[in-house]
Amino acid sequence: MNEQQRENKPSLVDLKLRSVYLYRASVKEVGGVRWGYINAKGRSILPAIYDHAGDFQENGLAIVRMMNHDGVIDSNGYFIVKPKYETINPFFEGRATVFDHGRFKAIDEMGTEITRKSYSFIGDYKEGRARAAITNAQGNYVYGYLNRWGKEVIPLEFESGNDFIEGKAIVKFKKGEFGLINLTGKMLYSYTYSNVDHFGDGMLSFQKESNGKYGYMDEQGHILISPMFSWTEPFINGRAIVNMADDYKNLYGVIDKRGHFVVKANYQSITNLRENRLAIGKAIDPDRPYLGLKYALADTDGHMLTGFLYNHISEYKDGFASASNNHYTFFIDRNGKRAGGLPNVSGSGTLEFDRTVIRGEIDFRLFYFDKKGQLVWKQNDVIPLNSNYSVREKKYKPNKDYLVYYPELQGVENASVNPKLMALAGVKEVSGNEQLESNYVGDFDVTFFKKNLVVIEISGYDYPFGASHGMPVKKYAHIDVLSGQFYHLKDLFKQGSDYVKFLSGTIAEKIKNDSTYS
């Protein structure tokens, strides 16, 4: 590098400032979705060449994915870490954990591996420490802590360990014995209980015997609130969320440090939204709570500020929170009133202040707005094939729990093509006001186009409420854009041939002779 290049090279400060104003953005094209970065006005700055792109962090770096591996770029698009790890987690305190070939390591902001060996697990850095674990001879994890240089400053000798909070962490050093340690690993206090967890505000939750109730104690082990809860969360600003139910229906409430309820345990969900606000959840159908909840806003003294109006409320930041109902997503202030002059977007999702813009993730699509609420960018809804043909993305959402993005092929003369695509994608009559028994989301990708053949992959996921998992759906439409004909597998074989038997035999022989399947 010559002197002129050295003078013109941006400093780390310059890169950090520039990255503050870059935002990830997606482009839908033939072959799927690609990701790049735009500025606050919606103009492309780094081209959409990545399989996935993470946000630029305060250190001026972003995690991107290419060829099924993660790498790290700066705001000029230069690779600090080439895509070589299976996964890279976001940076915390200037360090990131990476995962590759079943093992964890830690890297610094230059991409240098700071750990001298790999581990079975490494967590995010908190207060200069990261939890780390190796697997012992019995196949169990043994935990300790690394410092910011990747050195084991607290030996790996615990059965479990929590992140540090206020310079202290809960560890389990043998069955039925827990301790509270400081950043050097010194044992401050020990406890003989079945479980100790959730340190916050100088209090810890504990469980005397396995499957017993939870209570709270101070750091010295003095019981402050007798065991009476089926589940507890940590104290934050003098309040803790607890569950009193012994079954799936849940009875959540909020207590103070004396164990007195400031919100009675009558609700199916309570979430701490920060800034002394709570989201109180009540079942839409008390006899079938798995169908979903409606949320009200309350303060941490138990005063209800709104009715049960919302499907979701996010955490507060600088006096505003994102909220959604059956039809729109918007901001509310700390009194639960809809904020004027900010985006009010059709659909369900979240809005978030993101540096100089407002980011919306609504109905599985990404949007950016300026601070006045005006749209500055959204993902393209037209995928060009050539000068004559394109695929337009259409949206169908008749019910809060039924959403389909379906393809419309433009330029074809055969009028039957698009109705067939709509039906294939799942566009059907659905009641707008009815509470459905499942949630369905459908989408599509244009996977191939050459000459006159376009291939559209149609996917979906149907999740019955209350089930452990849903049912994925995947279909393919192979269409001749000139004739509008839909090709099927049988069209590749002579009429009357038993192609299923032929293909089954070919696949069976492949499996038999392929060492991958043996």
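**Why these labels? Strands, edges and a helix face**

Trainee: In this predicted model, which residue of E18 is the bridge partner of Leu180?

Mentor: Tyr189 is the bridge partner of Leu180 in E18.

Trainee: What makes E17 and E18 a pair?

Mentor: Two strands count as paired if DSSP finds at least two bridges between them. Strand E17 (residues 177-182) and E18 share four bridges in the antiparallel sense, so they pass the cut-off of at least two.

Trainee: In what order do the strands of that open sheet run?

Mentor: The order is E15-E16-E17-E18, with antiparallel pairing.

Trainee: Why do E15 and E18 stand at the edges?

Mentor: Strand E15 (160-161) and strand E18 (187-191) each have a single partner strand, so one side of each has no neighbour in the sheet.

Trainee: Over to E13. Why is strand E13 called mostly covered?

Mentor: Buried means under 20% relative accessible area. Five of the six residues of E13 (residues 141-146) are buried, so "mostly covered" is a fair label under that cut-off.

Trainee: Which strands does E13 pair with, and over how many bridges?

Mentor: Strand E12 (residues 130-135) pairs with E13 over six bridges, and strand E14 (residues 152-158) pairs with E13 over three. Both pairings are antiparallel. The cut-off is at least two bridges, so both count as pairs. As for bridge partners, Ala132 goes with Gly144 in E13, and Leu146 goes with Glu152 in E14.

Trainee: How many residues lie between the strands of each hairpin, and which glycine in each turn has a positive phi?

Mentor: E12 and E13 have five residues between them, and Gly139 in that turn has a phi of about 85°. E13 and E14 also have five between them, with Gly150 at about 80°.

Trainee: Now the helix. Which residues of H3 are buried?

Mentor: In helix H3 (residues 417-425) they are Val417, Asn418, Leu421 and Ala425.

Trainee: How do you know that the buried residues line one face of H3?

Mentor: Seen down the axis of H3, the buried residues fall within an arc of 90°, so they line one face of the helix.

Trainee: What covers the buried residues of H3?

Mentor: The cover includes strands E40 (402-410), E41 (438-450), E42 (453-464), E43 (471-480) and E44 (486-487). Just after H3, Gly426 takes a positive phi of about 105°.

Trainee: And what share of the whole protein counts as buried?

Mentor: Of the 518 residues, 44% count as buried.

How values were computed. Residues are numbered from 1 along each chain as its sequence is written. This is a predicted model: local features need pLDDT of at least 70, side-chain atom pairs count only at pLDDT 80 or more; totals for chains, interfaces and linings use all residues. Side-chain values use heavy atoms; hydrogens and water are left out. Buried means under 20% relative accessible area, exposed over 50%, partly exposed in between (1.4 Å probe, protein chains only). Helices (H or I, at least four residues) and strands (E, at least two) are DSSP runs, numbered from the N terminus. The arc is that of the directions from the helix axis to the C-beta atoms. Contact means heavy atoms within 4.5 Å.
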